[in-house]
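Could you look over this structure with me? I have jotted down some points for someone meeting it fresh.

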Amino acid sequence: KKGFRLEDQDTFDETGVAVAGFGSEEEQAALQEKLTQHLDAVEANLMRKIQERSDSFYRALDELQELYSEVEGTMAVIAGFRECMRRLDERLVGHALRIAQLRRRKKNMEELHRKVSLIATVRQTQQNLQLLLSCSDFVAALDLIAGAQQVLQGELRGVAS
């Protein structure tokens, strides 16, 4: 039948007789032949539609594979950039951090050296004090004691032996 359509109710009404088991054998054979022709028409129509769309499907599949390859290549380039950035970061920032640590350590060492020098000065004060007392220079001895106390209470406050 030309213009055969599955959604056409008449198509199914014509075949209802054979399905229900009514009619003669010739009618059922004719109906079977008619259904076979309809099935062939459906298959041919389906194959034509598939063939029409297969070229565009395969083109789209090829394009998708090309895009996938480009994405893989781009991901490899990005991974290379990340590794390069990690090495640069390690070299540049790592060295900058090391420099900051060394500066902080230098400052701490200088402060320690200054405090040790003050401790040595206070210790030397004890020997100078004994020398001033033996010379009966009590005023200078008192000034020396006051200076040592000022250093001990100021810059050396909290320093324990």
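The notes below go through a salt-bridge network, a surface patch, a loop and a pair of buried residues.

1. Some ground rules to begin with. This is a predicted model, where local features need pLDDT of at least 70, side-chain atom pairs count only at pLDDT 80 or more, and totals for chains, interfaces and linings use all residues. Numbering runs from 1 along each chain as its sequence is written, and side-chain values use heavy atoms, with hydrogens and water left out.

2. Let's start with charges. A salt bridge here is a side-chain nitrogen of Lys or Arg within 4 Å of a carboxyl oxygen of Asp or Glu, and the count by that rule is seven. Glu83, Arg86, Arg87 and Glu90 are joined up in a network of these bridges, so that is a good place to zoom in.

3. Take glutamate 83, which has two partners in that network. With arginine 86 the N to O distance is 2.5 Å, and with arginine 87 the closest N and O atoms are 3.8 Å apart. Why can glutamate 83 pair with arginine 86? They are three residues apart in helix α2, so about one helical turn separates them. Arginine 87 is four residues from glutamate 83 in helix α2, again a separation of about one helical turn. (Helices are DSSP runs of H or I with at least four residues, and strands are runs of E with at least two, numbered from the N terminus.)

4. Arginine 86 also reaches the other way, to glutamate 90, with the closest N and O atoms 3.1 Å apart. These two are four residues apart in helix α2, which means about one helical turn lies between them.

5. How buried or exposed is glutamate 90? Its relative accessible area is 53%, so glutamate 90 is exposed; the cut-offs are under 20% for buried, over 50% for exposed and partly exposed in between, using a 1.4 Å probe and protein chains only. Glutamate 83 at 30%, arginine 86 at 41% and arginine 87 at 43% are each partly exposed.

6. Next, a nonpolar surface patch: Met85, Leu88, Leu92, Val93 and Leu97 make one of about 480 Å². Patches take residues with over 30% relative accessible area and no salt bridge, joining like charges within 9 Å and nonpolar side chains (Val, Leu, Ile, Met, Phe, Trp, Tyr) within 5 Å. The areas come from the Shrake-Rupley method with a 1.4 Å probe, and for residues only the protein chains shown count as cover. One member, valine 93, sits in helix α2 (residues 25–134) and is partly exposed at 39%.

7. Now look at the loop between α2 and α3, where you will find serine 136. Serine 136 is not a glycine, yet its phi is positive, at about 60 degrees. With 48% relative accessibility, serine 136 is partly exposed.

8. Which residues does threonine 125 touch, not counting those up to four places away in sequence? They are Leu144 and Ala148, where contact means heavy atoms within 4.5 Å. Threonine 125 belongs to helix α2 and is buried, at 11% relative accessibility.

9. Finally, alanine 141 in helix α3 (residues 138–153). Alanine 141 is buried, with just 3% relative accessible area. Its contacts, leaving aside neighbours within four places in sequence, are Leu129, Leu132 and Leu133. Between alanine 141 and glutamine 130 there are 8.4 Å from C-alpha to C-alpha, with the two 11 residues apart in sequence.
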